[in-house]
Structures are given as structure tokens and as C-alpha cells.
Amino acid sequence: MAADDYCADSENGDHVDDPSEDALFELVSDLNGTDNTFIVIQPDEDDPAWFASVAVLETGGYEIVRRDTSRREHDVTVETSIDQIAGDLTKWLAARAT
């Protein structure tokens with residue numbers, strides 16, 4: 001599945017089509033521990049084959065989940081740098097196009 005038509009949705013209702021690295025940075029920056037605790041990025045289709053999510057951890061930092069069933073990938077990491085998260089997600093999303 002190519003990553004040409006995907007979107008990012010946050011718990012508080014923010015929606016971004018084909019988010020850039022800057023848009024991902026902003027979405028993650030807006031996360032908090034009360035009413036906007038996660039974002040999900042996935043193809044804009046029924047039953048998507050892959051997704052990525054970022055969630056706020058109570059202990060600080062963020063949990064990043066990347067799953068692609070077509071490639072048998074499932075990775076869970078913890079990161080504190082929003083720059084690193086946005087950059088890594090941008091690269092991962094670009095790889096969905098290959």
C-alpha cells in the first residue's frame with residue numbers, strides 16, 4: 001500500500017491529510033496527558049494494512065507503535081524527542097510507498 005493517501009487523526013479531533021514532518025511535529029507537540037493523548041496515522045481506507053501511533057506516557061515521553069501487516073512489521077519504541085519522532089515517522093511513512 002503506497003503512502004500517498006493517508007491521514008493523521010488525534011484524540012481531540014485534529015485531522016491532517018498526508019501530514020508533512022512539520023505537521024507531525026505539531027500534532028505530537030499538541031499531545032497532553034488529559035484530553036489529547038494520542039495520534040494515529042494510517043491510510044485513508046477501510047481495513048488499512050498499516051498504521052503508526054504516538055501516545056503520551058504517564059511517566060513522560062511518548063510510545064510510538066508502527067505496524068505493517070503486509071510486511072510483518074510490528075515495532076514499539078519510547079522516545080522523548082519530538083524532532084526524532086516526527087523525523088522517524090516521516091521516513092517510515094515514505095517507506096510505505098515502496
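**Exercise 1. The loop between β3 and β4**

Find where aspartate 47 is placed, and decide whether aspartate 47 is buried or exposed.

*Solution.* Begin with the place: aspartate 47 sits in the loop between β3 and β4, where helices (H or I, at least four residues) and strands (E, at least two) are DSSP runs, numbered from the N terminus. Before going on, note that this is a predicted model, in which local features need pLDDT of at least 70, side-chain atom pairs count only at pLDDT 80 or more, and totals for chains, interfaces and linings use all residues. Residues are numbered from 1 along each chain as its sequence is written, and side-chain values use heavy atoms, with hydrogens and water left out.

Next comes accessibility, for which buried means under 20% relative accessible area, exposed over 50%, and partly exposed in between (1.4 Å probe, protein chains only). Aspartate 47 has a relative accessible area of 72%, and is therefore exposed. As a last step, look at the backbone: aspartate 47 has a positive phi of about 50 degrees, although it is not a glycine.

**Exercise 2. The loop between β5 and β6**

State which residue in the loop between β5 and β6 has a positive phi although it is not a glycine, and give its accessibility.

*Solution.* The residue is arginine 72, which is found in the loop between β5 and β6 (73–79), and its positive phi is about 55 degrees. With a relative accessibility of 80%, arginine 72 counts as exposed.

The next residue to examine is glutamate 73, which lies in strand β6 and, at 30% relative accessibility, counts as partly exposed. Contact means heavy atoms within 4.5 Å. Leaving aside neighbours within four places in sequence, glutamate 73 is in contact with Arg66, Arg67, Asp68, Trp92 and Arg96.

**Exercise 3. Two strand residues**

Compare serine 53 with glutamine 42 by asking in which strand each lies, and whether each is buried or partly exposed.

*Solution.* Take serine 53 to begin with: it lies in strand β4, and its relative accessible area is 14%, so it is buried. Not counting residues up to four places away in sequence, serine 53 touches Ile39, Val40, Glu63, Ile64 and Val65.

Then turn to glutamine 42, which lies in strand β3 and, with a relative accessible area of 27%, is partly exposed. With residues up to four places away in sequence again not counted, glutamine 42 touches Tyr6, Cys7, Pro48, Trp50 and Phe51. Glutamine 42 and valine 65 are 23 residues apart in sequence, while their C-alpha atoms are 12 Å apart in space.

**Exercise 4. How two helices pack**

Describe how α1 and α2 pack, and which residues make the contact.

*Solution.* Start with the geometry: helix α1 (residues 21–29) and helix α2 (residues 82–95) pack at an angle of about 135 degrees, with their axes 9 Å apart. Here the axes are lines fitted to C-alpha atoms, for helices over the stretch in contact, and angles run from 0 to 180 degrees between N-to-C directions. Since angles under 35 degrees count as roughly parallel, over 145 as roughly antiparallel, 65 to 115 as roughly perpendicular and the rest as oblique, α1 and α2 are therefore oblique to each other.

The contact is made by Glu21, Leu24, Phe25, Val28 and Ser29 of α1, together with Ile82, Asp83, Ile85, Ala86, Gly87, Leu89, Thr90 and Leu93 of α2.

One of the α1 residues deserves its own step: leucine 24 lies in helix α1 and, at 0% relative accessibility, counts as buried. Apart from neighbours within four places in sequence, leucine 24 is in contact with Pro19, Ile41, Ala86, Leu89, Thr90 and Leu93.

**Exercise 5. The largest nonpolar core**

Name the residues that touch the most other members of the largest nonpolar core, and say which element gives the most to this core.

*Solution.* A nonpolar core is a set of buried Ala, Val, Leu, Ile, Met, Phe, Trp, Tyr and Cys residues joined through side-chain atoms within 4.5 Å. The largest one has 19 residues, of which Val28, Ile41, Val54, Tyr62 and Leu89 touch the most other members. At least two residues of this core come from each of β1 (6–10), α1, β3 (38–43), β4 (50–56), β5 (62–68) and α2, and α2 gives the most, with six residues.

Finally, follow valine 54: leaving aside neighbours within four places in sequence, valine 54 is in contact with Val28, Leu31, Thr37, Phe38, Ile39, Tyr62, Glu63, Ile64, Ile85 and Leu89.
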